[in-house]
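Visitor: I am new to this structure and should like to understand the terms used to describe it. May I see it before we begin?

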Amino acid sequence: MWDTEVLIAGAGPVGLTLAAALTRRGRPAIVIDRQPEGANTSRAAVIHARTLEALDELDVTGEMVERGVIVPHFTVRDGDRALLTVDFSDLPTRYPYTLMLPQSDTELILSDRLRRLGGSVRRPAELVGFRQDDDGVTATLRDGQTVRARYLVGADGMHSTVRDLSGIGFTGKAYEESFVLADVRMDWPLPADEVTLHFSPAGLVVVAPLPGGRHRIVATLDEAPEHPAAADVQAILDARGPRREHAKVREVLWSSRFRVHHRLAEHYRSGRVFLAGDAAHVHSPAGGQGMNTGVQDAIALAAVLAEGSDLDRYETVRRPIAAGVVALTDRMTRLATLRSRPLIAVRNTVLPIVGGVPAVRRGLAMNLSELSTIARGKGA
Ligand SMILES: Cc1cc2nc3c(=O)[nH]c(=O)nc-3n(C[C@H](O)[C@H](O)[C@H](O)COP(=O)(O)OP(=O)(O)OC[C@H]3O[C@@H](n4cnc5c(N)ncnc54)[C@H](O)[C@@H]3O)c2cc1C
């Protein structure tokens with residue numbers, strides 16, 4: 001039987017951040033993952049200012065910024081017309097921008113940091129059961145081994161076993177559309193330092209720069225192919241992207257399709273068991289908030305577990321933040337995928353007016369970067 005203070009199920013970005021933050025604080029932690037190796041696909045690519053600030057304590061931000069692409073603006077467009085620009089460049093932070101970095105790079109940097117702190121991921125090791133008592137949790141792994149810990153954290157993703165075994169509900173729904181993701185090489189007529197959200201009756205398409213001259217495309221589609229090809233991405237950009245000068249897709253480097261849910265765990269804590277990251281909240285990728293909120297959960301939870309008192313503070317502070325993110329990304333997704341022509345006309349008239357108000361633009365930038373007071377979560 002292994003013995004530790006905190007057992008973390010799941011070595012995605014959230015489990016790795018939590019393990020590194022606990023280890024740095026001198027708290028014994030074991031992180032396990034059922035996969036024999038870490039994932040090497042691009043997935044979540046947006047890292048916001050508040051996440052970079054939170055990761056400062058792990059001393060990984062410098063390397064992330066060095067490897068990523070700095071993007072100071074998000075622009076909402078309808079065809080060639082800019083409806084709204086969100087400017088991050090004068091935000092009150094050391095990192096007044098959004099950083100674009102593939103999730104595989106973020107995970108490599110975090111696991112490297114964990115290793116340098118003296119920790120490691122035990123894999124393949126799948127948690128299949130646990131029981132709690134007054135002093136701790138005894139978890140069972142698929143190979144029959146057991147782990148005894150004071151606390152168990154489910155950082156085991158959207159289909160969390162820890163959440164299911166705890167009987168914690170995961171309330172919400174799936175969006176009707178699928179989301180297409182593709183990392184491509186292409187000729188792109190718009191500025192290289194901008195994330196563009198194109199609103200169109202055919203659906204939303206987001207175009208963002210990635211390191212190495214690549215671009216990330218995210219689009220909603222009713223019936224998406226399992227592995228979108230260059231012609232699929234080209235058709236999406238032709239229908240929804242800039243019209244005066246079209247994009248030209250040259251190569252698809254990685255692509256995927258996924259159904260997006262918006263769901264929130266009814267509780268983040270059940271006795272000695274906690275949830276963090278996708279195990280606790282999932283939502284639309286509009287605005288790129290998913291991994292950011294999870295990584296910030298991990299930093300907050302490390303502080304609470306290291307103190308070992310006021311354990312409820314984690315849920316009290318972090319759950320309302322996730323509820324806010326689920327609501328904000330849901331509004332953005334619905335606004336972006338309007339199909340009614342009269343409503344589209346209203347949106348396209350109102351957005352530039354509303355976006356012309358400096359306080360509104362700043363509020364949006366503060367919310368998206370997760371720097372606003374509510375997103376900061378006073379006390380965690
Ligand atoms: C194809 C794809 C594209 C995405 N694109 C975006 C995007 O563009 N923007 C965005 O913000 N987000 C995106 N996401 C979501 C983003 O990847 C997640 O928000 C992020 O990975 C959450 O991190 P996590 O550590 O909470 O969970 P995960 O990254 O899901 O990690 C969970 C880990 O737990 C392990 N695990 C599961 N069950 C067990 C168990 N019982 N025992 C042990 N280990 C277990 C898994 O193997 C996995 O390694 C995407 C996700 C996918 C799949």
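Visitor: Which residues touch the most other members of the largest nonpolar core?

Guide: They are Leu7, Met100, Leu127, Leu197 and Leu305, in a core of 100 residues. Helix α7 (residues 290-307) supplies the largest share of this core, 8 residues. A second, separate core of 17 residues includes Val180, Ala182, Val207 and Leu221. Please note that this is a predicted model, in which local features need pLDDT of at least 70 and side-chain atom pairs count only at pLDDT 80 or more, while totals for chains, interfaces and linings use all residues. Residues are numbered from 1 along each chain as its sequence is written, and side-chain values use heavy atoms, leaving out hydrogens and water.

Visitor: What makes a set of residues a nonpolar core?

Guide: Its members are buried Ala, Val, Leu, Ile, Met, Phe, Trp, Tyr and Cys residues joined through side-chain atoms within 4.5 Å. In soluble globular proteins, nonpolar side chains tend to be buried together.

Visitor: Why is alanine 208 called buried?

Guide: Buried means under 20% relative accessible area, exposed over 50%, and partly exposed in between, with a 1.4 Å probe and protein chains only. Alanine 208 has 3% relative accessibility and therefore counts as buried. This alanine 208 is found in strand β14 (residues 205-210), a strand being a DSSP run of E of at least two residues, and a helix one of H or I of at least four, numbered from the N terminus.

Visitor: Which residues does alanine 208 touch, not counting those up to four places away in sequence?

Guide: Alanine 208 touches Met100, Val195, Arg214, His215 and Arg216, where contact means heavy atoms within 4.5 Å.

Visitor: How do you know that strand β12 pairs with strand β16?

Guide: Two strands pair if DSSP finds at least two bridges between them. Strands β12 (residues 170-187) and β16 (residues 248-265) are joined by 15 bridges and run antiparallel, so the definition of pairing is met. Within β16, serine 256 is the bridge partner of leucine 181. Strand β15 (residues 214-221) also pairs with β12, antiparallel, over 7 bridges.

Visitor: What makes the approach of aspartate 33 to the ligand a polar contact?

Guide: A polar contact is a pair of N or O atoms within 3.5 Å; within protein, one must be able to donate a hydrogen and the other to accept it, and residues adjacent in sequence count only if both atoms are side-chain atoms. An N or O atom in the side chain of aspartate 33 lies 2.6 Å from an oxygen atom of the ligand, so the pair qualifies as a polar contact.
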